[in-house]
Amino acid sequence: MEFRQAQRMQGLTSAIFTEVDNLRKEQVAAGKDIITLSIGSPDLAPAGHIIEALQQGVGNRNNYGYTLSKGIPAFSNAVSNWYKSHFDVDLDAQTEVYSLIGSQDGLAHIALCLVNPGDVVLVPDPGYPIFSAGPLMAGAELYRMPLTAANHYLPDLSAISEAVLKRAKMMIINYPNNPLAATAPREFFEQVVAFAKRYNILVCHDFAYSELVFDGYRPDSFLSIPGAKEVAIEFHSLSKTYNMAGCRAGMVVGNKEVIALLGKVKSNFDYGIFQPIQQAAVAALTGPQDCVRETALTYQRRRDIIVNGLNQMGWQVNRPQASMYVWAPVPTQQSSFDFVVDLLKHAGVALIPGSGFGQFGEGFVRIALVQPEDRLSEAVHRIESWLGKL
Ligand SMILES: *Cc1c(COP(=O)(O)O)cnc(C)c1O
């Protein structure tokens with residue numbers, strides 16, 4: 001038997017991530033101590049009251065049925081209230097909130113609702129891989145919007161031709177951004193709302209890092225822009241805010257027609273999130289929020305260790321206001337991939353090459369702040385002594 005992969009599988013090019021991770025595993029298997037700053041999975045644990053809610057839910061015999069994909073009412077209500085208190089955005093829990101099996105679920109499937117083969121989806125480059133993979137699986141053509149320092153890591157809307165815009169159905173943006181750790185000013189969101197109305201494009205804003213913010217910075221929800229609900233949905237997640245990445249709990253909020261379409265797709269694909277996880281999510285969203293401040297402060301201290309450490313050795317990097325990443329220019333004359341491989345082999349520090357996030361990521365590496373402070377200091381020390389030998 002010979003199995004040939006379907007053409008749509010060509011959209012799934014996680015080759016660079018897999019290759020780097022295989023090299024990392026080889027080093028670990030060989031007994032090397034590797035400091036893993038590559039994958040973006042939080043190393044912190046949820047607060048006690050969240051774990052207790054999950055434990056209680058698991059102990060309840062009535063919690064083992066299908067929940068159906070919309071989410072239990074307590075979850076939708078909790079999301080609606082959380083959005084009001086955090087971003088002053090009003091959401092109808094019935095029609096403008098839908099649960100997701102992690103925001104990845106929604107990001108992967110949204111294009112199926114709106115995109116016909118050959119339609120264009122505007123995606124950021126560099127960008128989180130599912131932003132491209134989801135639309136490609138739906139048969140979309142991608143238009144990659146370069147995010148560069150020269151444009152303050154914002155897409156240049158005026159650079160997109162009318163011919164492309166006529167065929168564009170969707171645009172994906174993400175602030176605070178992964179991998180760039182960039183933020184967007186409110187004025188940019190206002191421009192995007194006007195742009196989306198003019199060209200009849202759905203805006204999908206990924207807001208996963210709204211709470212991992214530093215030095216008093218507070219980002220705006222895209223939906224807080226007047227008129228945004230007519231043109232936009234926003235994806236959010238409990239993965240980063242509450243350290244619940246493995247639980248797979250997220251939500252999409254905003255335009256109710258689009259949410260109904262996504263709900264239709266999802267009700268065919270899945271039967272919802274395990275009820276105890278939804279109850280834990282409700283406990284997270286409605287409970288005390290000091291755990292979130294502590295998490296953000298933890299990442300802020302880690303950011304400073306990496307940024308101060310790299311800057312002191314002459315590797316100039318920006319100090320981000322949000323996210324759990326530092327985006328750093330490759331300090332040698334190598335490609336980002338070759339640099340990452342050498343750093344792994346010779347210094348025992350694993351990063352992600354920027355080229356894994358798109359062609360405009362070349363020349364940079366992403367450093368994920370997912371290790372405790374002493375390990376980050378050790379990483380700085382190792383990088384410095386290896387770079388010093390070059
Ligand atoms: C981590 C992350 C998410 C969260 O994904 P989940 O599926 O909710 O765990 C979403 N978007 C970006 C850009 C991320 O980095």
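Colleague: Which backbone nitrogen lies 2.9 Å from a polar atom of the side chain of Asn-177?

Modeller: In this predicted model, the partner is the backbone nitrogen of Leu-180, which lies 2.9 Å from a polar atom of the Asn-177 side chain. On another side of the reading, the backbone oxygen of Asn-174 lies 3.0 Å from a polar atom of that side chain.

Colleague: Where is Asn-177 found, and does one call it buried or exposed?

Modeller: Asn-177 is found in the loop that runs between β5 (168-174) and α7 (186-199). A residue is called buried when its relative accessible area is under 20%, and because Asn-177 has 1% relative accessibility, it counts as buried.

Colleague: Turning to the ligand, how many residues surround it, and which are the closest?

Modeller: The ligand is surrounded by 13 residues, and the closest are Asp-206, Tyr-209, Ser-237, Ser-239 and Lys-240. When the residues of this shell are sorted by character, they divide into three nonpolar, seven polar and three charged.

Colleague: Which side chains have a polar atom 2.6 Å from an oxygen atom of the ligand?

Modeller: An N or O atom in the side chain of Tyr-209 lies 2.6 Å from a ligand oxygen, and a polar side-chain atom of Ser-239 is likewise 2.6 Å from an oxygen atom of the ligand. The backbone takes part in the list too, since a polar backbone atom of Gln-104 is 2.9 Å from a ligand oxygen.

Colleague: What part of the ligand's exposed area does the protein bury?

Modeller: Taken alone, the ligand exposes 390 Å², and the protein buries 95% of that. The space that the ligand takes is the largest pocket.

Key
Residues numbered from 1 in each chain as written. Predicted model: local features only at pLDDT ≥ 70, side-chain atom pairs only at ≥ 80, totals over all residues. Heavy atoms only, no water. Near = heavy atom within 4 Å. Polar contact = N/O pair within 3.5 Å; in protein donor to acceptor, adjacent residues only side chain to side chain. Areas by Shrake-Rupley, 256 points an atom, 1.4 Å probe, with all protein chains shown as cover. 1 Å grid on protein atoms, 1.4 Å probe; cavity = no way out; pocket = protein on both sides within 12 Å on 5 of 7 lines; lining within 4 Å. Sits in = over half its atoms within 2 Å of the grid points. Nonpolar A, V, L, I, M, F, W, Y, C, P; charged D, E, K, R; others polar. Helix = DSSP H or I, 4+ residues; strand = E, 2+ residues; numbered from the N terminus. Buried < 20%, exposed > 50% of the residue type's maximum accessible area, 1.4 Å probe, protein only.
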